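I opened this notebook to record what I looked up, entry by entry, for someone meeting the structure for the first time.

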Amino acid sequence: WYVLKKTTFDYQRADGSWQRQSRETYDRGNGATLLLYDARRRTVVLTRQFRLPAFVNGHHGMLIEAPAGLLEAASPEQRIRAEVEEETGYRVHDVRKVFEAFMSPGSVTEKLHFFVAEYDAVAKVGAGGGIADEGEDIEVLELPVDEALAMI
């Protein structure tokens with residue numbers, strides 16, 4: 001689906017000497033994620049879904065995450081609005097970007113844009129769960145903030 005590239009380059013070390021290095025990078029595009037929170041009720045909305053890479057590394061594979069997705073030629077804000085609605089069923093309006101970070105810079109080029117947005121019962125416009133044709137089978141979790149923090 002994505003690009004695995006091997007690059008050989010000359011790197012100037014801190015002592016001024018040059019060293020030929022070879023690295024592999026995996027380019028899957030950039031993404032966005034968003035934490036939905038209800039400050040009044042002190043709750044957050046998260047998702048639980050199967051992740052094959054975790055499974056093949058000895059985990060049961062079911063991970064709890066904030067809704068997220070790849071940008072796919074959209075702006076980070078546009079894409080995260082759509083992903084949140086697809087995955088959780090909540091339509092968000094006022095999203096706020098809090099930071100961006102490289103998630104696994106030793107081998108993956110992906111930069112993830114992190115957002116937050118408030119939600120309430122009125123924002124629930126669908127069931128969520130993702131898109132079945134894309135293999136998504138997402139459970140929507142609403143948790144007290146303290147419980148979510150204890151799970152980290």
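**Entry: a loop**

I began with glutamate 72, which I found in the loop between S6 and H2, in a model that is predicted. I looked up its backbone and noted that phi of glutamate 72 is near 50 degrees, a positive value in a residue other than glycine. I then checked alanine 73, which lies in the loop between S6 and H2 as well, and its phi is near 70 degrees, again positive in a residue that is not glycine. I wrote beside this that most residues other than glycine have a negative phi. For the surface, I noted that glutamate 72 counts as exposed because its relative accessibility is 61%, and the cut-off for exposed is over 50%. Alanine 73 is exposed too, with a relative accessible area of 86%.

**Entry: a charged residue in H2**

Next I went to glutamate 87, which is found in helix H2. Which side chain of opposite charge is nearest to glutamate 87? I found that it is arginine 51, 5.8 Å away, and that glutamate 87 is buried yet has no salt bridge. I reasoned that the pair does not count as a salt bridge because that needs a side-chain nitrogen within 4 Å of a carboxyl oxygen. Leaving aside residues up to four places away in sequence, I listed what glutamate 87 touches, including Gly128, Gly129 and Gly130, as well as Thr47, Glu136 and Val140.

**Entry: the largest pocket**

I then looked up the largest pocket, which holds about 1600 Å³ of space. It is lined by 40 residues, and I noted that the closest to its centre are Arg28, Gln49, Arg51, Glu65 and Ala68. By type, the lining divides into 23 nonpolar, 6 polar and 11 charged residues. Among the elements that each supply at least two residues of this lining, I recorded strand S3 (31–38), helix H1 (52–56), helix H2 (76–88) and strand S8 (111–118).

**Entry: the second largest pocket**

My last look was at the second largest pocket, with a volume of about 260 Å³. How many of its lining residues are charged? I found 1 charged, no polar and 10 nonpolar residues. Among the residues that line this pocket I noted Leu35, Val44, Ile64, Glu65 and Met151. S4, S5 and helix H3 (145–151) each supply at least two residues of the lining, and H3 gives the most, with 4 residues. I closed the entry by noting that Glu65 lines this second largest pocket and is also listed with the residues closest to the centre of the largest pocket.

How values were computed
Residues are numbered from 1 along each chain as its sequence is written. This is a predicted model: local features need pLDDT of at least 70, side-chain atom pairs count only at pLDDT 80 or more; totals for chains, interfaces and linings use all residues. Side-chain values use heavy atoms; hydrogens and water are left out. On a 1 Å grid over the protein atoms alone, a cavity is a set of points where a 1.4 Å probe fits but cannot get out, and a pocket is an open set with protein on both sides within 12 Å along at least five of seven lines; lining residues have an atom within 4 Å of a point. Grid points are joined across faces, edges and corners, and a volume is the space filled by probe spheres set on the points. Ala, Val, Leu, Ile, Met, Phe, Trp, Tyr, Cys and Pro count as nonpolar, Asp, Glu, Lys and Arg as charged, and the others, Gly among them, as polar. Buried means under 20% relative accessible area, exposed over 50%, partly exposed in between (1.4 Å probe, protein chains only). Lys and Arg count as positive and Asp and Glu as negative; His and the chain ends are not counted. Contact means heavy atoms within 4.5 Å.
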